[in-house]
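Hi everyone, thanks for coming. I have one protein chain to walk you through today, so let me put it on the screen.

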Amino acid sequence: MVCALRKGRHRNGELARKLEGITPKMLTQTLRVLERDGLVRREVFAVIPPRVEYELTELGQNLAGLLTQIRSWAEQHTPDIKDARAKAIAANEGEWAA
């Protein structure tokens, strides 16, 4: 969710499309928690029908940067992790297979 908001403001429907498979209830609950924790700002526009937009706060932007770094690290080291996993499984005759 945080990474989906990284590039600016989004409406609820836009976020739902970006986060394929998320239920409307889970989307709403997650946005409320992120707003409560100061990571997301919610703005309601007084129009009919009401329009609501979400964006990251400075704190949320900071977190998004860290998540991007973690994702980059994981992508860079995936072959190493797969090799270590294969060696461990071979050494333990499938005990760790999952």
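Let me start with a question for the electrostatics fans: how far apart are the mean positions of the positive and negative charges of the protein chain? The answer is 7 Å, with 16 positive and 13 negative charges going into those means. Please keep in mind that this is a predicted model.

Now, the overall layout. The protein chain has three helices and three strands, and if you read from the N terminus, the order is β-α-α-β-β-α.

On to the dimensions. For a compact globule of 98 residues you would expect a radius of gyration near 13 Å, but this protein chain comes out at 19 Å. Along the principal axes, the C-alpha atoms fill a box of roughly 65 × 25 × 20 Å.

What about the surface? The protein chain has about 7,400 Å² of accessible surface, and carbon and sulfur atoms hold 55% of that. Of the 98 residues, 22% are buried.

Let's go inside. The largest nonpolar core contains 15 residues, and M1, L5, L15, L31 and Y54 have the most contacts within it. Two elements, α2 (24–36) and β3 (51–56), each give two or more residues to this core.

Y54 is worth a click in your viewer. Leaving aside residues up to four places away in sequence, Y54 touches L5, L15 and L31, and its other partners include G8, H10, V40 and R42.

One last number on contacts: among those with a separation of 6 or more, 42% join residues 24 or more positions apart. Thanks, and I'm happy to rotate the model for anyone!

Terms used. Residues are numbered from 1 along each chain as its sequence is written. This is a predicted model: local features need pLDDT of at least 70, side-chain atom pairs count only at pLDDT 80 or more; totals for chains, interfaces and linings use all residues. Side-chain values use heavy atoms; hydrogens and water are left out. Helices (H or I, at least four residues) and strands (E, at least two) are DSSP runs, numbered from the N terminus. The radius of gyration is taken over C-alpha atoms; the globule rule is 2.2 Å times the number of residues to the power 0.38. Buried means under 20% relative accessible area, exposed over 50%, partly exposed in between (1.4 Å probe, protein chains only). Contact means heavy atoms within 4.5 Å. Accessible areas come from the Shrake-Rupley method with a 1.4 Å probe; for residues, only the protein chains shown count as cover. Lys and Arg count as positive and Asp and Glu as negative; His and the chain ends are not counted. The place of a charge is taken as NZ of Lys, CZ of Arg, CG of Asp or CD of Glu. A nonpolar core is a set of buried Ala, Val, Leu, Ile, Met, Phe, Trp, Tyr and Cys residues joined through side-chain atoms within 4.5 Å.
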